[in-house]
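Student: I should like to go through the side-chain pairings and see how each label is justified. Please show me the sequence and the structure.

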Amino acid sequence: MLQVSKCIPQGQGLAPVLVKRAVTVELDWDVRQKSRFDATDSQGRQIGVFLPRGTVVRGGDVLVAEDGSLIVAKAAPQAVLKITHCRNHGTPFDLIRAAYHLGNRHVPIELQPDHLKIEPDHVLADMLRAMHLIVNAVDEAFEPENGAYATGGHHGGHHHGHDHHDHGHDHGHSHAGHSHDHAPQQAATLRGIPVAVQAKPHVHGPDCNHGHDHGHHHGDQ
């Protein structure tokens, strides 16, 4: 059995031609969320995967075998429930409501701009239909969101640092006599579903009791 102990998220840093030539392995979500598992790649080789605990393999990640060969992981089609809003009687906002109620139940959810996916569950399917959503059983790849504090992968692994950003965000700044922070004004998204973020405004008035004799930038608004 060929051992694998390294996973490169989305093949970052690898030449595209190497990834294109690599063998593949199809894995469903139940397997990909485990850090240790056995599988058979597209060349028929038996591989034993031993990744750091907590590692989740996503479709497009590249596994590196002990002999140096690359194996591209693909999300295998599996039974899921595909949830869409009713175009005649509902709105896309119904999907946000559904995601909220599913999230309250700690259900793994794949979020897409026009639909959600969850693993089969007839109780949840009935709940969603009662909310006037359309629920269909399909066989498709399943890529649920990571937890909010998960790292790595392309579903939640974006790190906000201060030394390698190509987009800006505002920082707190000090006024004479006091300081306060201005929260970022950007809109949050749920995998393409816009969610307005209402930052509490700071009101400058006669009761501020501080001066404003310097220029500063308040977000992008």
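Tutor: The count comes to one aromatic pair. The model is predicted, so local features need pLDDT of at least 70, side-chain atom pairs count only at pLDDT 80 or more, and totals for chains, interfaces and linings use all residues. Residues are numbered from 1 along each chain as its sequence is written, and side-chain values use heavy atoms, with hydrogens and water left out.

Student: Why is the pair of W29 and F142 called edge-to-face?

Tutor: Rings of Phe, Tyr and Trp (its six-membered ring) pair if their centres lie within 6.5 Å; planes under 30 degrees apart count as stacked, over 60 as edge-to-face and the rest as tilted. Here the centres are 6.4 Å apart and the planes stand at 85°, so the pair of W29 and F142 is edge-to-face.

Student: What makes W29 buried or exposed?

Tutor: Buried means under 20% relative accessible area, exposed over 50%, partly exposed in between (1.4 Å probe, protein chains only). W29 has 6% relative accessibility and therefore counts as buried. F142, at 0%, is buried too.

Student: How do you know that E143 forms a salt bridge with R32?

Tutor: A salt bridge requires a side-chain nitrogen of Lys or Arg within 4 Å of a carboxyl oxygen of Asp or Glu. The closest N and O atoms of E143 and R32 are 3.1 Å apart, and the criterion is therefore met. E143 is buried at 11%, and R32 is buried at 0%.

Student: Which side chain meets K34 in a salt bridge?

Tutor: That of D30, at 3.8 Å from N to O. K34, at 39% relative accessibility, is partly exposed, and D30, at 41%, is partly exposed.
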